[in-house]
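Q: Could you take a close look at the largest pocket of this predicted model, going through what lines the pocket and what the backbone does around there?

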Amino acid sequence: MSGTTGIGPVEPGEGTHDREDLPDLAPTPPPHPGRRRAALALAATAAVLAGGGYLYATRPHDPPPPEVPYPAQTVAFAFLGDRLTPPGAPTRSFSFAVRMSARAGPPVTVDRITQPYAGLTLTEAPGAPFRTKAGTPRDITITMHVTDCATVPKDAGLPFLDVTLRNTRAIQVQSFILGSRYAQHLSRALKVACGNGT
């Protein structure tokens, strides 16, 4: 029987190559030991930093310190009684003493002391500004001078002093009512100063 049998050498198909045509691929050498150690050290450092950051972020924080109280919350004034009018004071002047106490907190400074009545002026000794520490009372002598008898009250019902206070938190103007003894003293002193009493 004549003809071809289809048997012959195997030809490479399309897109294929003989093994002889392929470049020799050498096996990848293992990484250098020094590089491996450096990579492990970097990974360990990153893990430590991440853990430390987590612990810092989640640790309990101390509460903030308590806020300093307002000066008017810590200060009290009390009427002590008559004082001798200082020499050189104008006529129709009279003096009395009050005690300032600071109960707690940082020192409190008195910037100014005033009173509400027209026809009256006052000075204080020691002169403002002055400072008082907690637990250390300070006696203040107030001298009032009548400038116009027509405008002062005939009977001071609930007289008060306006005091400007300052500490490290705030500046406040606080009115201090000194009680019935002070009201009686002021009413009597005003009558005497204006010639309506003895």
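A: A good place to start is Arg 92, which at 36% relative accessibility counts as partly exposed, because that class covers whatever falls between buried, under 20%, and exposed, over 50%. Although Arg 92 is not a glycine, this residue has a positive phi of about 60°, and its place in the predicted model is in the loop between β1 (75-83) and β2 (93-102).

Arg 92 is also one of the residues that line the largest pocket, in which about 180 Å³ of space lies. The rest of the lining is made up of Asp 82, Arg 83, Ser 93, Phe 94, Ser 95, His 185, Arg 188, Ala 189, Val 192 and Ala 193. Two or more of the lining residues come from each of β1, β2 and α2 (180-193), and α2 gives the largest share, with 5 residues. Sorted by class, the lining has 4 nonpolar, 3 polar and 4 charged residues, and Arg 92 belongs to the charged class.

The backbone has further features to note in the loop between β4 (120-125) and β5 (130-132), where Pro 126 has its place. The peptide bond that leads from Ala 125 into Pro 126 is cis, with omega near 5°. Pro 129 is likewise placed in the loop between β4 and β5, and the bond joining Ala 128 to Pro 129 is also cis, again with omega near 5°. Neither Pro 126 nor Pro 129 appears among the residues lining the largest pocket.

Technical notes
Residues numbered from 1 in each chain as written. Predicted model: local features only at pLDDT ≥ 70, side-chain atom pairs only at ≥ 80, totals over all residues. Heavy atoms only, no water. Helix = DSSP H or I, 4+ residues; strand = E, 2+ residues; numbered from the N terminus. Buried < 20%, exposed > 50% of the residue type's maximum accessible area, 1.4 Å probe, protein only. 1 Å grid on protein atoms, 1.4 Å probe; cavity = no way out; pocket = protein on both sides within 12 Å on 5 of 7 lines; lining within 4 Å. Points joined across faces, edges and corners; volume = space filled by probe spheres on them.
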